[in-house]
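This report concerns the protein model shown below. Please keep the sequence and the three-dimensional view at hand while reading.

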Amino acid sequence: MALNPYFLQGSTSEQNLVQDLINEQLTIYGVEVYYLPRQYMTTNTVIREVIESKFSTSYPIEAYVENFDGYGDNTVMLSKFGIQQTNELTVTISKERYENYISPLIKNLPNVELSTRPKEGDLVYFPLGDRLFEIKFVEHEKPFYQLRKNYVYTLTCELF
């Protein structure tokens with residue numbers, strides 16, 4: 001059985017409406033954070049390890065803090081290297097705001113490897129706690145293709 005041809009399954013106007021609603025929700029319920037792209041200054045050519053990085057620019061963007069009860073559950077962990085404090089912060093940012101505002105500004109910066117989306121290793125400054133977080137994972141397919149498009153990035157960050 002085929003899809004009903006009378007329903008558009010995600011027209012551009014519907015996608016724009018959803019994106020505008022998400023942007024509005026982020027400006028109402030979100031906080032302003034600062035995105036700091038990582039510039040790779042020195043890398044090891046054999047194992048491609050980053051030896052030296054620089055964070056010289058920052059860009060404000062609204063973000064929704066997902067874990068409202070603090071820095072997640074696993075704040076102190078005992079490992080073979082001693083006690084580790086892993087304060088995590090999960091924030092959601094608008095894909096459209098990132099692509100239209102931050103991406104054009106960082107694509108001309110020297111030594112930035114990926115400018116089309118947030119990437120692991122970049123920093124997020126969270127002014128409410130006056131803390132700097134490193135992006136450990138970028139979820140870019142959740143919610144999964146509503147109306148054939150994705151609208152947000154969910155950044156899982158750890159205290160830097």
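The sections below describe the strands, the helices and one residue of a helix.

## Basis of the report

The model is predicted. The values given here are therefore to be read as computed from that prediction.

## The barrel

Six strands form a closed barrel in the order β1-β4-β7-β10-β9-β8, and their pairing is antiparallel. From one strand to the next, the twist averages 45°.

Helix α2, which spans residues 95-106, packs on this sheet. The helix touches four strands, namely β1 (31-36), β4 (59-65), β7 (88-94) and β10 (152-159). The direction of α2 makes about 155° with that of β4.

## Strands β8, β9 and β10

Strand β8 (residues 123-126) and strand β9 (residues 131-139) run antiparallel and are joined by 4 bridges. Two pairs of facing residues illustrate the register: L123 stands opposite E134 in β9, and V124 stands opposite F133 in β9. The hairpin of β8 and β9 has 4 residues between the strands, and D130 takes a positive phi near 50° there.

Strand β9 also pairs with β10, in the antiparallel sense, over 6 bridges. Within this pairing, I135 has C157 in β10 as its bridge partner. As a general point, strands of a sheet pair through backbone hydrogen bonds, in either a parallel or an antiparallel arrangement.

## The contact between α1 and α2

How do the two helices cross? The axes of α1 (residues 12-29) and α2 come within 9 Å, and the crossing angle is roughly 85°. Since angles of 65 to 115 degrees count as roughly perpendicular, α1 and α2 are therefore roughly perpendicular to each other.

On the α1 side, the residues involved are Q19, D20 and N23, which meet K95, E96 and R97 in α2. Sorted by class, the contact of α1 with α2 has 2 polar and 4 charged residues, and no nonpolar ones.

## S103 in helix α2

Is S103, a residue of helix α2, buried or exposed? The relative accessibility of S103 is 10%. Because a residue under 20% counts as buried, S103 falls in the buried class.

Neighbours within four places in sequence are left aside in what follows. With that restriction, S103 is in contact with Y98, S115 and T116.

Conventions
Residues are numbered from 1 along each chain as its sequence is written. This is a predicted model: local features need pLDDT of at least 70, side-chain atom pairs count only at pLDDT 80 or more; totals for chains, interfaces and linings use all residues. Side-chain values use heavy atoms; hydrogens and water are left out. Two strands pair if DSSP finds at least two bridges between them. Axes are lines fitted to C-alpha atoms, for helices over the stretch in contact, and angles run from 0 to 180 degrees between N-to-C directions. Contact means heavy atoms within 4.5 Å. Angles under 35 degrees count as roughly parallel, over 145 as roughly antiparallel, 65 to 115 as roughly perpendicular and the rest as oblique. Ala, Val, Leu, Ile, Met, Phe, Trp, Tyr, Cys and Pro count as nonpolar, Asp, Glu, Lys and Arg as charged, and the others, Gly among them, as polar. Buried means under 20% relative accessible area, exposed over 50%, partly exposed in between (1.4 Å probe, protein chains only).
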